[in-house]
Amino acid sequence: VELGAGTGAGTRVLADRVEHTVAGDLAGEMLRHLPSTLADRVQLDASALPFADRGVGTLVCVNMLLFADEVRRVLAPGGALVWVSSIGERTPIHLGAEAVAAALGEEFELTASRCGWGTWAVARRRSQGPLG
């Protein structure tokens with residue numbers, strides 16, 4: 001699930017690499033410009049995601065606000081948040097990897113790096129036992 005998909009710049013990259021992509025954005029008009037052949041389009045509010053508790057395998061956020069409570073609620077055990085700031089600290093909506101890790105808490109293991117001037121992080125929810 002890509003949050004803040006807009007007109008689909010990131011969705012195009014995801015659609016070539018994953019089996020099923022859902023592109024979500026608050027602005028329905030933006031989603032109308034995203035080709036329906038790339039992904040299922042869902043108008044949504046990232047602060048109140050329309051997904052079941054622990055029902056999402058991966059969330060992708062590129063230059064997006066972080067709604068940590070919703071990430072923790074919807075990500076499945078072993079699921080991951082992919083967090084990208086396309087121009088690093090100069091990204092208008094920037095949150096560094098350390099801040100993402102702090103917001104999500106110890107339930108997540110974080111890997112982060114830099115690519116060119118951009119930064120990225122993958123926060124993977126630690127798997128829990130069969131009842132967790």
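# Chat: pocket, cores and fold

Tutor: This is a predicted model. Its largest pocket holds about 160 Å³ of space.

Student: Which residues line the largest pocket?

Tutor: The lining is E2, G10, V13, L14, R17, V18, V60 and V62.

Student: And by class, what does that lining have?

Tutor: Five nonpolar residues, one polar and two charged.

Student: Which elements give two or more residues to the lining?

Tutor: Helix 1 (9-15) and strand 4 do. The largest share, three residues, comes from helix 1.

Student: Staying with helix 1: T11 is in there. Buried or exposed?

Tutor: T11 is buried, because its relative accessible area is 0%, and the cut-off for buried is under 20%.

Student: What does T11 touch, leaving out residues up to four places away in sequence?

Tutor: E2, A5, T21, A23, L34, L38 and A39. E2 also lines the largest pocket.

Student: Switching to the core. How many residues are in the largest nonpolar one?

Tutor: It has 22 residues. L3, L59, V71, L81 and L104 have the most contacts inside it.

Student: Which elements supply at least two residues each?

Tutor: Strand 4 (56-62), helix 3 (68-74), strand 5 (75-85), helix 4 (97-104) and strand 7 (118-125). So strand 4 serves both this core and the lining of the largest pocket, by the DSSP numbering of elements.

Student: What is L3 in contact with, beyond four places in sequence?

Tutor: G24, L44, A46, L49, L59, V60, C61, V62 and M64. Of these contacts, V60 and V62 also appear in the pocket lining.

Student: What about a second core?

Tutor: There is a separate one of five residues, including A5, A23, L31 and L34. A5, A23 and L34 are also among the residues that T11 touches.

Student: Zooming out. How many helices and strands are in the chain?

Tutor: Four helices and seven strands. Along the sequence the pattern reads β-α-β-α-β-β-α-β-α-β-β.

Student: Why call the chain as compact as a globular protein of its length?

Tutor: Its radius of gyration is 14 Å, close to the 14 Å that the globule rule gives for 132 residues, so the chain is as compact as a globular protein of that length. The C-alpha trace spans about 40 × 35 × 25 Å along its principal axes.

Student: What share of the residues is buried?

Tutor: Buried residues make up 36% of the 132.

Student: And what share of contacts with a separation of 6 or more comes from residues 24 or more positions apart?

Tutor: That share is 40%.

Note on methods
Residues are numbered from 1 along each chain as its sequence is written. This is a predicted model: local features need pLDDT of at least 70, side-chain atom pairs count only at pLDDT 80 or more; totals for chains, interfaces and linings use all residues. Side-chain values use heavy atoms; hydrogens and water are left out. A nonpolar core is a set of buried Ala, Val, Leu, Ile, Met, Phe, Trp, Tyr and Cys residues joined through side-chain atoms within 4.5 Å. Buried means under 20% relative accessible area, exposed over 50%, partly exposed in between (1.4 Å probe, protein chains only). Contact means heavy atoms within 4.5 Å. On a 1 Å grid over the protein atoms alone, a cavity is a set of points where a 1.4 Å probe fits but cannot get out, and a pocket is an open set with protein on both sides within 12 Å along at least five of seven lines; lining residues have an atom within 4 Å of a point. Grid points are joined across faces, edges and corners, and a volume is the space filled by probe spheres set on the points. Ala, Val, Leu, Ile, Met, Phe, Trp, Tyr, Cys and Pro count as nonpolar, Asp, Glu, Lys and Arg as charged, and the others, Gly among them, as polar. The radius of gyration is taken over C-alpha atoms; the globule rule is 2.2 Å times the number of residues to the power 0.38.
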